[in-house]
Amino acid sequence: MTEAQRLGFRLERLDLDLSEPQALDPEDVAREKVRMAWEHLRRPVLVEDSGLEILAWGGFPGALVKWLERSAGLEAIVRMLEPFPDRRARAVCVIACFDGEQILTARGVTEGAIAPAPRGAGGFGWDPIFVPRGSDRTFAELPPSEKDAVSHRALAWAAMAEKLGSLRRRGSDP
């Protein structure tokens, strides 16, 4: 939410007690959560979900990264990757918007790698272990303006803004 506001989106945040769908792909999670949120509120809603795809692990943990981080910790994720020479990873964010009839989704992907150890105090979640391509700093080490310029979340929000703008230009609601 904070990042979306920094990117210029005006949103009302509501904390709903929704069950967390379990899937590797953040789009599967976002689609299910946006339906559940709409059922609670019966008005247009928007949700986002993110994930960390480690290429050496076939995309795992994906959207399950939150659970892996909570149960094992960031240090353990880094240690579990030590036997693998390929440290490439993708940060993925999917935003889903639902008006009760149509679901729109937008995906943002930032290519990068897993750092050899957690670094930085900024950001949240797995930011201390993700180094975006072209940088030598983790998301957690980047100032918000630099992170927003390359983040998966910023790319997803930009894609959603474009989709919503296209619908408005055609005279449709999302």
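In this predicted model, Cys93 is buried, because its relative accessibility is 0%. Its sulfur has no bonding partner: the closest cysteine sulfur, in Cys97, is 14 Å away, too far for a bond. Cys97 is likewise assigned as buried, because its relative accessibility is 7%. Seen from Cys97, the closest cysteine sulfur is that of Cys93, again at 14 Å and too far for a bond. A disulfide is a covalent bond between the sulfur atoms of two cysteines. The cut-off for such a pair is 2.5 Å between sulfur atoms. The disulfide count is therefore zero by this rule.

Cys93 also appears among the contacts of Asp49. Asp49 is placed in strand β1, which covers residues 45-54. The residue is buried, because its relative accessible area is 8%, under the 20% limit. Leaving aside residues up to four places away in sequence, Asp49 touches Glu20, Pro26, Val29, Ala30, Lys33, Ala63, Val92, Cys93 and Val94. Among these contacts, Glu20 and Lys33 are charged residue types, negative and positive respectively.

The protein chain holds six helices and five strands. Read from the N terminus, the order is α-α-β-β-α-α-β-β-β-α-α. For 174 residues, a compact globule would have a radius of gyration near 16 Å. The protein chain has 17 Å, which agrees. Along the principal axes, the C-alpha trace spans about 50 × 30 × 25 Å. Of the 174 residues, 44% are buried. Among contacts with a separation of 6 or more, 56% join residues 24 or more positions apart.

The accessible surface of the protein chain amounts to about 9100 Å². Carbon and sulfur atoms contribute 51% of that surface. Charged side chains number 24 positive and 27 negative. The centres of the two sets lie 2 Å apart.

Two backbone features were examined next. Most residues other than glycine have a negative phi, and most peptide bonds are trans. Arg42 has a positive phi, near 55 degrees, although the residue is not glycine. Arg42 sits in the loop between α2 (26-41) and β1. The side of the cut-off on which Arg42 falls is clear from its relative accessible area of 52%: the residue is exposed, because exposed means over 50%. The second feature is a peptide bond. The bond from Phe60 to Pro61 is cis, with omega near 5 degrees. Pro61 belongs to strand β2, which covers residues 61-62.

Phe124 also lies in a loop, in this case between β4 (103-114) and β5 (130-132). Phe124 counts as partly exposed, because its relative accessibility is 46%. In sequence, Phe124 and Ala140 are 16 residues apart. In space, the C-alpha atoms of Phe124 and Ala140 are 7.2 Å apart.

Technical notes:
Residues are numbered from 1 along each chain as its sequence is written. This is a predicted model: local features need pLDDT of at least 70, side-chain atom pairs count only at pLDDT 80 or more; totals for chains, interfaces and linings use all residues. Side-chain values use heavy atoms; hydrogens and water are left out. Helices (H or I, at least four residues) and strands (E, at least two) are DSSP runs, numbered from the N terminus. Buried means under 20% relative accessible area, exposed over 50%, partly exposed in between (1.4 Å probe, protein chains only). The radius of gyration is taken over C-alpha atoms; the globule rule is 2.2 Å times the number of residues to the power 0.38. Contact means heavy atoms within 4.5 Å. Accessible areas come from the Shrake-Rupley method with a 1.4 Å probe; for residues, only the protein chains shown count as cover. The place of a charge is taken as NZ of Lys, CZ of Arg, CG of Asp or CD of Glu.
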